[in-house]
There are 2 protein chains.
Amino acid sequence: MSAANNKDGKYKYKGIPLTVVKRLPGYQRLLSELAAKEVERVSSRELAAKMKINPSQVRQDLSLFGSFGQQGYGYRVSYLLSEINKILGINAETKMVLVGGGQLGRAVANYRNFAKRGFIIEAIFDRDPRVIGRTIDNRVVRDVQELTAYLQAEPAEIGIICTPASAAQEVADQLVAGGIKGIWNFAPVALKVPETVCLEHVHLGESLMILSFKLKQKQEELFNQKK
Amino acid sequence: MSAANNKDGKYKYKGIPLTVVKRLPGYQRLLSELAAKEVERVSSRELAAKMKINPSQVRQDLSLFGSFGQQGYGYRVSYLLSEINKILGINAETKMVLVGGGQLGRAVANYRNFAKRGFIIEAIFDRDPRVIGRTIDNRVVRDVQELTAYLQAEPAEIGIICTPASAAQEVADQLVAGGIKGIWNFAPVALKVPETVCLEHVHLGESLMILSFKLKQKQEELFNQKK
DNA sequence: TTGAGATTGTTAGATATTTAACAAAGTATG
DNA sequence: CATACTTTGTTAAATATCTAACAATCTCAA
């Protein structure tokens with residue numbers, strides 16, 4: 001292993017560039033697909049082709065975490081997948097709570113791909129009396145006022161925020177008070193949380209705007225080629 | 001203006017780094033918020049603080065598209081916002097069609113933030129006979145078999161894919177056949193489309209895995225600090 | 001068992017992105 | 001109307017990321 005550990009092997013995964021981190025789930029998905037097809041081995045060249053990146057980059061990314069391949073052979077799919085799962089922390093079960101039982105919240109609650117990987121939504125909360133008490137994917141929606149108390153009794157690692165932007169910060173504060181370690185935020189707002197809490201945003205609107213920009217750019221390109 | 005135009009002013013927005021493009025929606029949202037609060041002026045320092053980046057970066061990002069500020073004053077919020085809207089292509093109305101009327105599709109169809117910015121879902125399609133004919137947010141769900149024919153009669157710019165991964169490629173092909181210009185893909189699969197079509201992925205699962213990685217990293221950090 | 005071919009992990013070089021620095025040009029105030 | 005202050009747009013330096021190159025070493029077929 002190259003850069004990941006210091007002498008006593010304790011300081012793992014420090015200083016991994018965010019650009020590398022963002023590629024890890026891509027490797028995970030590709031390897032899952034290969035494993036499902038019962039492919040035994042894969043080379044950095046093949047992985048790179050599927051990711052549309054350079055083979056050197058695949059090797060360098062992986063080398064930040066260890067030596068998982070073999071010269072002249074490549075990587076054993078099952079082994080590399082299990083190592084990447086460990087790196088991503090999806091080997092153990094992770095408990096989550098979801099706040100916001102609207103359309104988006106229900107979509108997230110019903111999304112099977114998380115559960116498959118050990119991410120379990122333990123409880124769902126909402127503010128709206130018309131939603132509280134109803135059932136979403138076999139879980140009764142609880143009153144958000146019980147959120148912090150619930151978490152103290154039933155700790156969870158990740159809190160999912162699917163509320164409108166106006167309520168998101170308040171919910172985040174309650175999640176933090178309940179001892180949550182990470183927040184997965186779908187509300188289009190920048191949350192403030194203590195340094196000890198991890199934050200990951202999913203801003204759907206921003207993604208659409210990026211597509212819009214690319215479209216505009218490509219149209220101008222084509223227009224100019226015709227001339 | 002520095003790098004955006006060539007001599008005759010036609011080749012706009014070429015060669016903008018993707019890292020910059022990804023920040024543009026952030027600027028857009030911040031400026032919208034400031035405009036809503038009727039703030040008149042803003043400096044690169046203030047924008048940078050809210051984006052958690054360096055003021056130089058804000059100025060350099062913007063300078064790729066033009067000169068929108070004034071020495072000693074900063075940027076006029078309303079003007080900069082309108083320029084960024086132009087850059088992102090959210091000044092005109094953009095027609096979209098959505099394929100997949102499941103939980104996620106319904107959530108996207110009901111999401112108000114797009115419509116506010118001129119992105120209109122004109123029609124919704126599904127494969128399931130139990131869903132076809134039902135109404136989602138005032139639009140009747142059509143049979144996906146009609147998709148290509150519909151698009152030929154009623155052109156749209158963007159196709160949204162909210163189907164399971166297994167159906168996504170087929171839907172993408174039909175969208176392309178119907179003359180769609182860009183695809184916004186929520187299915188966890190890498191789509192193949194012609195070079196002329198723009199693609200933007202939203203991989204919810206990948207975002208959760210990144211959060212999981214960060215959590216793991218932070219926990220090890222804290223564990224080591226205690227020692 | 002040997003040798004040709006393949007592929008890793010790593011180092012060094014090339015490229016891209018971010019940050020610092022500063023002249024230019026405005027604002028604001030007395 | 002002069003002057004101190006502010007802040008941009010831009011150039012150059014610093015940093016980060018990506019790519020090429022290659023020794024080391026394994027595979028595989030004969």
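Which helix gives the largest share of the lining of the largest cavity? The answer is H9(B), with three residues. This is a predicted model, and helix H9 of chain B, residues 204-226, is a good thread to follow through it. Chain B and chain A bury about 6500 Å² between them, and H9(B) gives the most to the side of chain B that touches chain A.

**Where the two chains meet**

- The size of an interface is often given as the accessible area lost when the parts come together.
- Here that area is about 6500 Å², with 65% of it on carbon and sulfur atoms.
- Three residues of chain B stand out: Leu208(B), Met209(B) and Phe213(B) supply 11% of the area that chain B buries against chain A, more than any other three residues.
- If you count residues instead, the contact takes 72 from chain A and 72 from chain B.

**Pairs across the interface**

- Between chain B and chain A there are 16 residue pairs in polar contact.
- Several elements of chain B give two or more residues to the side that touches chain A, among them helix H1 (18-36), helix H4 (77-88), strand E9 (182-185) and strand E10 (198-201).
- H9(B) tops that list with 19 residues.
- Sorted by class, the side of chain B that touches chain A has 36 nonpolar, 17 polar and 19 charged residues.
- Four salt bridges also cross the interface of chain B and chain A.
- In one salt bridge, the side chain of Glu206(A) meets the side chain of Arg29(B), at 3.7 Å from N to O.

**Salt bridges in the whole model**

- Side chains of opposite charge can pair when their charged atoms come close.
- Over all chains, the count of salt bridges comes to 20.
- Chain A holds a handy example to look for: Lys86(A) and Glu83(A) join their side chains in a salt bridge, with 3.0 Å from N to O.
- Why are Lys86(A) and Glu83(A) separated by about one helical turn? They are three residues apart in helix H4 of chain A, residues 77-88.

**Enclosed spaces**

- A search of the whole structure turns up three cavities of 30 Å³ or more.
- The largest cavity has a volume of about 40 Å³.
- Both chains line the largest cavity: Asn113(A), Phe114(A), Arg117(A) and Phe119(A) are on one side of the list, and Gly205(B), Leu208(B) and Met209(B) are on the other.
- Helix H6 (112-116) of chain A and helix H9 of chain B each supply at least two of these lining residues.
- By class, the lining of the largest cavity has four nonpolar residues, two polar and one charged.

**An open pocket**

- The second largest pocket holds about 1100 Å³ of space.
- Its lining has 47 residues, and those nearest the centre of the pocket are Gly102(B), Cys162(B), Thr163(B), Pro164(B) and Ala165(B).
- Elements of both chains give two or more residues to the lining of this pocket, including H6 of chain A and helix H8 (165-177) and H9 of chain B.
- The lining of the second largest pocket divides into 20 nonpolar, 15 polar and 12 charged residues.

Note on methods:
Residues numbered from 1 in each chain as written. Chains lettered and ligands numbered in written order. Predicted model: local features only at pLDDT ≥ 70, side-chain atom pairs only at ≥ 80, totals over all residues. Heavy atoms only, no water. 1 Å grid on protein atoms, 1.4 Å probe; cavity = no way out; pocket = protein on both sides within 12 Å on 5 of 7 lines; lining within 4 Å. Points joined across faces, edges and corners; volume = space filled by probe spheres on them. Helix = DSSP H or I, 4+ residues; strand = E, 2+ residues; numbered from the N terminus. Nonpolar A, V, L, I, M, F, W, Y, C, P; charged D, E, K, R; others polar. Contact = heavy atoms within 4.5 Å. Buried area = accessible area lost by both parts, 1.4 Å probe. Polar contact = N/O pair within 3.5 Å; in protein donor to acceptor, adjacent residues only side chain to side chain.
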